[in-house]
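Hi everyone, thanks for making time for this. I'd like to walk you through one structure, so please have the sequence and the model open as I talk.

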Amino acid sequence: MDLDSLTLAYAYGCRNAGDFAINEGSLALLSRACPEADVTAVSRFASASPEYQRMADRLDTLAEGALVGGPITYDPERQSRPAQLAALARNGLQYGVDLAGVAEGRSAHSALYERITDGDALLFNGGNAIHYSPSHGNLPYLLAMLYPLQVARRNDVPYGLLPQTTFGLAGLPKRLVRSLLADAEFVMTRDAITFDYLSEFGLPTQLINGVDTAFLNGTPEPSAPSDGGPARIAAVPRFSTLGDTGELDEAGERMEETFLTYLERLVESGHEVTLTIQTEIDEAWAARHRDRLDDIGVGYVESYDPDALRDHYAGMDLLVTMRLHAAIFALSVGTPTIGVYRREWGPKTPGTFRTLDIAEYAMPWDEATAEALTSTTEDALDEGAALSRHVADNVAMRSEALVSDLRTALATADGFA
């Protein structure tokens with residue numbers, strides 16, 4: 001099969017620089033692996049939504065008209081319960097019409113259905129979309145995310161999955177996801193732990209151990225440590241309980257105080273510390289703690305632009321982050337990074353650090369005391385240039401392997417042959 005047209009679902013929104021970087025990285029991956037194909041990205045937001053318009057304004061690597069709106073209006077993060085129920089009813093009706101395939105001439109089908117069934121193949125965008133966890137609390141979210149794969153499978157459109165972090169599947173969600181993965185032409189993972197996890201599923205398809213596509217837009221080069229001056233350290237918070245939803249729980253409150261104490265110690269030790277904000281929810285957290293942060297004496301940078309963030313982290317000696325994509329931005333330009341994570345967030349941070357052979361710099365919250373963070377920080381700064389070279393070499397190797405693996409998958413998978 002000549003892959004003249006590919007559909008990429010979903011293109012994520014712009015409220016989070018990391019999510020948007022997945023879009024850019026996936027498009028870069030496709031342009032390198034199959035440059036002859038015309039790519040149409042599908043927003044999970046309807047075309048009339050402000051999220052869709054923001055995305056259309058920023059995805060300038062796509063040809064004009066190559067972004068289409070999706071049929072999903074359900075949004076548990078922003079809607080009241082009655083609005084959620086109304087959206088589920090509308091989306092469920094459209095979902096049923098699309099999957100049943102009973103509409104004569106397809107006049108009742110959604111634009112997403114039309115796009116998927118008209119294309120040569122569907123690629124499901126990378127990220128952390130396919131999991132079932134308490135952060136979403138119900139099956140509708142998972143069903144909405146899997147909708148493009150269901151449409152492709154029921155209409156014999158070959159499909160593959162770009163690098164995913166997948167975890168927490170059991171019962172009905174696991175059976176549903178496993179059947180979709182089994183019928184894919186290939187499944188790429190974005191971290192070593194997810195690869196091990198899905199390896200246990202016994203899938204009859206190609207399972208490829210990859211990395212997050214956002215790595216592809218960086219230039220991994222060893223950085224030069226500060227010459228005799230104070231170390232430049234960026235720090236990125238994340239205090240939402242799970243995903244970007246939920247109130248701060250008791251463990252989060254403890255870690256919040258630990259994080260602030262740690263920043264205070266860094267400044268007292270003479271380091272130059274910059275709090276870096278790259279999501280709207282973290283902006284709100286910083287605003288609530290502005291007085292304390294000012295008293296500590298940290299700098300402040302806010303940006304939602306992946307390129308600007310890469311440049312920012314390239315000027316640092318070290319990043320200490322609770323957000324994976326801050327780590328990816330920094331690591332993709334060769335900046336040593338410490339990743340702090342909650343186990344409930346899944347394996348994306350420890351799995352990515354293991355993939356890049358820096359597992360010792362991934363630290364779970366329950367071990368991240370102010371003393372442990374300070375000790376690991378000093379170790380990373382002592383390693384300096386050697387650690388930066390190690391990071392840059394591994395990022396370059398894994399990024400090139402990702403492109404090569406996708407080319408091979410597209411050339412050898414039965415559905416694409």
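Before I get going, one definition that I'll lean on all the way through: when I say helix or strand, I mean a DSSP run, with at least four residues for a helix and at least two for a strand, numbered from the N terminus. And please keep in mind that this is a predicted model.

With that in hand, let me go straight to the cavity. A search of the whole structure turns up one cavity of 30 Å³ or more. The space in the largest cavity is about 30 Å³. Which residues line the largest cavity? They are Val-236, Met-255, Phe-259, Val-320, Thr-321, Met-322, Val-340 and Leu-373. Sorted by character, that lining has seven nonpolar residues, one polar and no charged. Two elements, helix 8 (250-268) and strand 11 (318-321), each contribute at least two residues to the lining of the largest cavity. For those of you who like to know how such a space is found: rolling a probe the size of a water molecule over the atoms shows where empty space is left.

Let's zoom out for a moment. The chain has 14 helices and 13 strands. Of its 417 residues, 58% count as buried. Among the contacts in the chain with a separation of 6 or more, 73% are between residues 24 or more positions apart.

Now, strand 11 brings us to one of the sheets. Six strands make up an open sheet with parallel pairing, in the order 10-9-8-11-12-13. At the edges sit strand 10 (299-302) and strand 13 (362-364), each of which pairs on one side only. Ignoring direction, neighbouring strands in this sheet are turned by 20 degrees against each other on average.

Inside that sheet, strand 11 pairs with strand 12 (residues 337-341) over three bridges, in the parallel sense. Val-320, which we just met in the lining of the largest cavity, has Ile-338 in strand 12 as its bridge partner. Two helices are worth a look here. Helix 13 (residues 348-355) packs on the sheet and touches strand 12 and strand 13, with its direction at about 150 degrees to that of strand 12. Helix 11 (residues 306-314) lies across strand 8 (232-236), strand 9 (272-277), strand 10 and strand 11, and runs at about 165 degrees to strand 9.

Let me stay with Ile-338 a little longer. Is Ile-338 buried or exposed? Its relative accessible area is 1%, so it counts as buried, the cut-off being under 20%. Leaving aside neighbours within four places in sequence, Ile-338 has contacts that include Leu-318, Leu-319, Val-320, Phe-353, Tyr-361 and Ala-380. The C-alpha atoms of Ile-338 and Ala-359 are separated by 9.5 Å, with the two positions 21 residues apart along the chain.

On to the other sheet I wanted to show you. Here seven strands form an open sheet in the order 3-2-1-4-5-6-7, again with parallel pairing. Strand 3 (67-68) and strand 7 (206-209) are its edge strands, each pairing on one side only. Helix 1 (residues 17-33) packs on this sheet, touching strand 1 (5-11), strand 2, strand 4 (121-124) and strand 5 (159-164), and its direction makes about 165 degrees with that of strand 1.

Strand 2 is a nice one to follow. Five of its six residues are buried, which leaves the strand mostly covered. On one side, six bridges join strand 2 to strand 1 in parallel, and Leu-6 has Val-39 in strand 2 as its bridge partner. Strand 2 (residues 38-43) is also joined to strand 3 by two bridges, again running parallel. There, Val-42 stands opposite Val-68 in strand 3.

One last residue: Asn-23, found in helix 1. How does it sit, buried or exposed? Asn-23 has a relative accessible area of 1%, so it is buried. Not counting residues up to four places away in sequence, Asn-23 touches Tyr-10, Ala-11, Tyr-12, Leu-59 and Asn-125.

That's my tour, and thanks for listening!

How values were computed: Residues are numbered from 1 along each chain as its sequence is written. This is a predicted model: local features need pLDDT of at least 70, side-chain atom pairs count only at pLDDT 80 or more; totals for chains, interfaces and linings use all residues. Side-chain values use heavy atoms; hydrogens and water are left out. Two strands pair if DSSP finds at least two bridges between them. Contact means heavy atoms within 4.5 Å. Axes are lines fitted to C-alpha atoms, for helices over the stretch in contact, and angles run from 0 to 180 degrees between N-to-C directions. On a 1 Å grid over the protein atoms alone, a cavity is a set of points where a 1.4 Å probe fits but cannot get out, and a pocket is an open set with protein on both sides within 12 Å along at least five of seven lines; lining residues have an atom within 4 Å of a point. Grid points are joined across faces, edges and corners, and a volume is the space filled by probe spheres set on the points. Ala, Val, Leu, Ile, Met, Phe, Trp, Tyr, Cys and Pro count as nonpolar, Asp, Glu, Lys and Arg as charged, and the others, Gly among them, as polar. Buried means under 20% relative accessible area, exposed over 50%, partly exposed in between (1.4 Å probe, protein chains only).
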